[in-house]
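I am opening my notebook to record, one look-up at a time, what I searched for in this structure and what I found.

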Amino acid sequence: MTWTRHLCLTVCLVAGFSGCSIAPPPIPIYDDPALLVTVSYDPRAGAGHSHPAVVSNDLVTAVLRGLLLQGRDVIGTFGLLGDDRGTLVFIDRTLLSNLVPYLVTGLGKASPRDLVTFHLVQRDSQGAPLITSGGMFLRNHHLYVVLANARTSPSVTQYETTYEPNTRSNPLVPIARFKFKASFQPAEARIETAEAKKMDAWEGYLDESKVVVVDLERLAKSLPLPSAAIPAIPANVKP
């Protein structure tokens, strides 16, 4: 963590209940026009996430491959994800293999007050941009994935006015809040969000239909992964 980040966080903590709106600047893990991964301050961290933590590439890949989108009459795998079970492929396998190491690096660098965010820009068949963005964090052995946007047009029309939210700076802001909800397979590895909030004392997210909580110990047991795939959480970190 940089000196500037420490200073900003200290100012915010000292200001406390005075309405401080200062947040330490994000730490970029990877940054180009098509993909941005950062470690960012999480104002909803409460008592703190279980960071830094060592999580294997294989296990994070398994989580992303298991994510599902459910919207109206369409169910498809979230293909950061390119899972062959799905009817909608959002991101090819090459991009998946590129993304996962940055997420893993972010979880290893994050403090208990941070989460890892991602923002991806793809193109539809007409060349128009589509936004996939969100974040993830670990509490105990539970990996929380917030999927704010998934192949969503950046333009929003409201009251006959079209505007584009800055999701690159705010990847947890849903552009189209009611477009889809998130789910997960295998279902036995998922913890319902309401239950996870109680177990982990998490404060919640503005749209919890887009939150998936995965028990990494259960998931690892269901996959041909080595025991080292289960995250190693520092003993002094207790959410």
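Before the first look-up I wrote down the cut-offs for accessibility: a residue is buried if its relative accessible area is under 20%, exposed if that value is over 50%, and partly exposed in between. I also noted that I am working with a predicted model.

**Entry 1: Ser169**

I began with Ser169 and asked myself whether it is buried or exposed. Its relative accessibility is 52%, and because the cut-off for exposed is over 50%, Ser169 counts as exposed. I then looked for its place in the chain and found Ser169 in the loop between strand S9 (161-163) and strand S10 (181-184). I also checked Ser169 against Leu36, which is 133 residues apart from it along the chain, and the C-alpha atoms of the two are separated by 9.7 Å.

**Entry 2: the chain as a whole**

I stepped back to the whole chain, which has five helices and 12 strands. Of its 239 residues, 47% count as buried. I next looked up the contacts between residues at least 6 apart in sequence, and 63% of these join residues at least 24 apart.

**Entry 3: the largest pocket**

I asked which residues are closest to the centre of the largest pocket. The pocket has a volume of about 480 Å³, and of the 20 residues that line it, the closest to its centre are Tyr41, Ser169, Asn170, Pro171 and Leu172, so that Ser169 from my first entry appears again here. The elements that give two or more residues to this lining are S2 and strand S5 (114-123), and the largest share, four residues, comes from S2. By type, the lining of the largest pocket divides into 12 nonpolar, five polar and three charged residues.

**Entry 4: Ser40**

Since S2 had come up, I looked at Ser40, which lies in that strand (residues 35-41). Ser40 has a relative accessible area of 12%, and because this is under 20%, Ser40 is buried. I then searched for a partner of its side chain and found a polar contact with the side chain of Thr38, at 2.7 Å. I added a general remark beside this entry, that in a regular strand the side chains alternate between the two faces of the sheet.

**Entry 5: strand S7 and its partners**

I asked how many of the 11 residues of strand S7 (residues 142-152) are buried. The count is 10, so S7 is largely enclosed by the rest of the structure. On pairing, I noted that strand S6 (residues 129-139) and S7 run antiparallel over eight bridges, with Phe137 standing opposite Tyr144 in S7. The hairpin of S6 and S7 has two residues between the strands, and in this hairpin Asn140 takes a positive phi near 60°. S7 is also joined by five bridges to strand S12 (residues 211-215), again in the antiparallel sense, and there Val146 stands opposite Val211 in S12.

**Entry 6: the cavity**

My last search covered the whole structure and found one cavity of 30 Å³ or more. About 50 Å³ of space lies in the largest cavity. I listed the residues that line it as Asp42, Arg44, Leu115, Phe137, Val146, Leu172, Trp202, Gly204 and Tyr205. Phe137 and Val146, which I had met in the strand pairings, are among them, and so is Leu172, noted earlier at the pocket. The lining of the largest cavity divides into six nonpolar, one polar and two charged residues.

Note on methods:
Residues numbered from 1 in each chain as written. Predicted model: local features only at pLDDT ≥ 70, side-chain atom pairs only at ≥ 80, totals over all residues. Heavy atoms only, no water. Buried < 20%, exposed > 50% of the residue type's maximum accessible area, 1.4 Å probe, protein only. Polar contact = N/O pair within 3.5 Å; in protein donor to acceptor, adjacent residues only side chain to side chain. 1 Å grid on protein atoms, 1.4 Å probe; cavity = no way out; pocket = protein on both sides within 12 Å on 5 of 7 lines; lining within 4 Å. Points joined across faces, edges and corners; volume = space filled by probe spheres on them. Nonpolar A, V, L, I, M, F, W, Y, C, P; charged D, E, K, R; others polar. Pairing = 2+ DSSP bridges. Contact = heavy atoms within 4.5 Å.
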